[in-house]
Every structure is written in C-alpha cells, then in structure tokens.
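Trainee: Please pick one part of this structure and take me through it slowly. I'd like to see how it connects to the rest.

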Amino acid sequence: MNCPYCLSTLFTQLKRTTNLGYDIFHGHSCQRDYNERTGTPFNLIEVPTDIVFEVLLCRVRYKLSYRDVAEYFLFRGFEFTHETVRDWQERFLPLFTEQIRSKPQGKIGKIGKIWKTYVRVQGE
Ligand SMILES: [Zn+2]
C-alpha cells in the first residue's frame, strides 16, 4: 500500500487500529500515519465503507426508503439519520456504479451471482 501523502512504498504497520478497525500505517519518508481510507471520499465517514455500500444496496436493489434503511441499520448498531442516507446516495452511488461497471464480467456466462459477502461489525 503506497503512502497517500508521498506515494512511498516504505511504511510500517502499527499495532493499533482506527476506531472502525482499519489498520494504521506509518510512512517512513513523510513520517505521517494513514489507513486504507486516507485520501478517499470515505475518509471522514463514521461507519465502515462496507456498511455504506450495504446502505446503497438497500436503496437501489431493495428500494427501501431513506428512513427504513436508517432504521434497519440502527438495529445493527449503526446510528445515522435518513438525511445521511440521502447524502451518501448522492455522493457515493456514482462511485459504486462506476466501480461495478469497470469490473470484468468473468467467463461463466452473462449472469453472475454473489454467494458470499464480507461485513465488518465493530472492527471484526
Ligand atoms: Zn508518506
């Protein structure tokens, strides 16, 4: 993982993690600490990136309302408002659709299925 500040490949992984459970790295060249979200649009979001993706999935795939999505994730221990859901949709949905469209489709056929998913809950 290159340093997002100076692009150096010289770093040390620190023993501590962020509040959300992301590993922290220390760049040797610039002497700055960073994690995998540093320098990305998700840097200051207070929930893990995969939760933001799940929120967008609930909106787009399952057509849940902003309030229903916020209530559903409250049951899972993530507290944010329906306005936050709306904000995330405006900010991040174009990023996710761009990411999905840029992925190769594979060779198994025209329809692919996702059998497993990875969800980070309280850092684990
Ligand atoms: Zn650096």
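Mentor: Let's look closely at helix H1 and then work outward from there.

Before we start, keep in mind that this is a predicted model: local features need pLDDT of at least 70, side-chain atom pairs count only at pLDDT 80 or more, and totals for chains, interfaces and linings use all residues. Residues are numbered from 1 along each chain as its sequence is written, and side-chain values use heavy atoms, with hydrogens and water left out.

H1 covers 49-60, where helices (H or I, at least four residues) and strands (E, at least two) are DSSP runs numbered from the N terminus. Its end C-alpha atoms sit 17 Å apart, which agrees with the 16 Å that twelve residues should span at 1.5 Å a residue; that expected span is 1.5 Å times one less than the number of residues.

Now for what is tucked away. The buried residues of H1 are Asp50, Ile51, Val52, Glu54, Val55, Leu56, Cys58 and Arg59. Buried means under 20% relative accessible area, exposed means over 50%, and partly exposed is in between (1.4 Å probe, protein chains only). The cover over them includes H2 and helix H3 (82-102), with contact meaning heavy atoms within 4.5 Å.

Glu54 deserves a pause: its relative accessible area is 15%, so it counts as buried. Arg76 forms a salt bridge with Glu54, with the closest N and O atoms 2.7 Å apart. Arg76 lies in the loop between H2 and H3 while Glu54 is in H1, so this pair ties together parts 22 residues apart in sequence. On the Arg76 side, a relative accessible area of 27% makes that residue partly exposed. For the record, a salt bridge here is a side-chain nitrogen of Lys or Arg within 4 Å of a carboxyl oxygen of Asp or Glu.

What about the outside? Phe53, Leu57, Tyr62 and Ile100 make a nonpolar surface patch of about 390 Å². Patches are built from residues with over 30% relative accessible area and no salt bridge, joining like charges within 9 Å and nonpolar side chains (Val, Leu, Ile, Met, Phe, Trp, Tyr) within 5 Å. The areas come from the Shrake-Rupley method with a 1.4 Å probe, and for residues only the protein chains shown count as cover. One member, Tyr62, belongs to the loop between H1 and helix H2 (66-75), and at 51% relative accessibility Tyr62 counts as exposed.

H3, one of the covering helices, has a salt bridge of its own. Glu90 and Arg86 meet there at 2.9 Å, N to O. They are four residues apart in H3, so about one helical turn separates them. An α-helix has 3.6 residues a turn, so residues three or four places apart point the same way. Glu90 is exposed, at 55%, while Arg86 is partly exposed, at 30%. Salt bridges with shared partners join Glu83, Arg86 and Glu90 into one network.

The whole structure has five salt bridges. Another of them pairs Asp33 with Arg16, at 3.1 Å between the closest N and O atoms. That pair links distant parts of the chain, with Asp33 in strand E3 and Arg16 in strand E1, 17 residues apart. Both residues are partly exposed: Asp33 at 35% and Arg16 at 48%.
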